[in-house]
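Here's a quick walk through one model, from its nonpolar packing to its charged pairs. Have the viewer open as you read.

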Amino acid sequence: MDKMAEDDLTDRVLSRLEGTPDPRLREVMSAAVRHLHAFAKQVRLTEQEWLSSIRFLTAAGHITDDARQEFILLSDTLGLSSLVDLINHSDVESLATEPTILGPFYVPGSPHRDFGASMVEYDDGGQPALLKGTVRDENGQPIPGASLDVWQNAATGFYAVQQPGLQPPTNLRGVYRTDTHGRYEIRTVRPVPYPIPADGPVGGLLADTGRHPWRAAHIHARISAPGFEPLTTHVFGRDSEYLDSDSVFGVKESLIRDFVPGEDGLLHCESDFVLCRAGAAA
């Protein structure tokens, strides 16, 4: 038998996958093998580098639990999460608000809060703020009864899920509804920049590649309404640090807003959201 060449091995693996019953799985796995083998051949991957990669992934699995998803952090910091978002939701001709990544700190089941109610349940010295705006369709018509599932970090930089013994579990989280005119109002605090968890393998990788772990200040929102495509997006503060170097590549220019002092002593931030009709998204 002739000695096996590198390309011969790749062809043999691909041949084994030809019998995969599910055509989509066959397509995805075949492409993954081709690209993975091409990567290893391009960089001439050493055995020690291969083993280090296995150890890295093992460590990511060990540190992952119900409150922390290290593989999402890895996907985010490599730009994969943002790329998947662009592939599935980007339409340059759409007037809809640009989406961005979900992030690792979303927790379902936030409490429903009244129009204009505060979602601050723990005083950490944050600057009081009012986030308000209108949810509309692409024709500019307001959408009454739209749901806004909103969450953010505290002035300390931490999300409630990161400090279960300190912050109430529903602090700075809430589900709001737009009124009959499509308007919403949310009392909160000004978001601040924060580092993604950097005490695990992903943090080590950032350090090894000369990158910082910081995210620009933002408020998360998942917006939905019957008959419309759901939207996951952010509201970024214009004067925040790290807008140009957000560690997970989540900043988009169209999502940056101003926080302006109001006569009521609150920082006011206006952010309208535009949803596209179901079936119209790219």
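What follows covers the cores and then some salt bridges.

This is a predicted model, where local features need pLDDT of at least 70, side-chain atom pairs count only at pLDDT 80 or more, and totals for chains, interfaces and linings use all residues. Residues are numbered from 1 along each chain as its sequence is written, and side-chain values use heavy atoms, with hydrogens and water left out.

Start with the largest nonpolar core (buried Ala, Val, Leu, Ile, Met, Phe, Trp, Tyr and Cys residues joined through side-chain atoms within 4.5 Å). It has 26 residues, and Val 135, Ile 223, Phe 273 and Leu 275 touch the most other members. Strands (DSSP E runs of at least two residues, numbered from the N terminus) that give two or more residues to this core include strand 1 (128–137) and strand 7 (218–224). Another core, of seven residues, lies apart from it, with Leu 73 and Ile 196 among them.

Now the charges: there are twelve salt bridges (a Lys or Arg side-chain nitrogen within 4 Å of an Asp or Glu carboxyl oxygen) in the structure. Three of them:

| Pair | Closest N to O |
|---|---|
| Arg 68, Glu 70 | 2.9 Å |
| Asp 199, Arg 68 | 2.6 Å |
| Asp 239, Arg 190 | 2.4 Å |

Arg 68, Glu 70 and Asp 199 are linked in a network. Glu 70 is buried at 0% relative accessible area, whereas Asp 199 is exposed at 64% (buried is under 20%, exposed over 50%, partly exposed in between, with a 1.4 Å probe and protein chains only). Asp 239 and Arg 190 sit 49 residues apart, linking distant parts of the chain.

Notes: Helix = DSSP H or I, 4+ residues; strand = E, 2+ residues; numbered from the N terminus.
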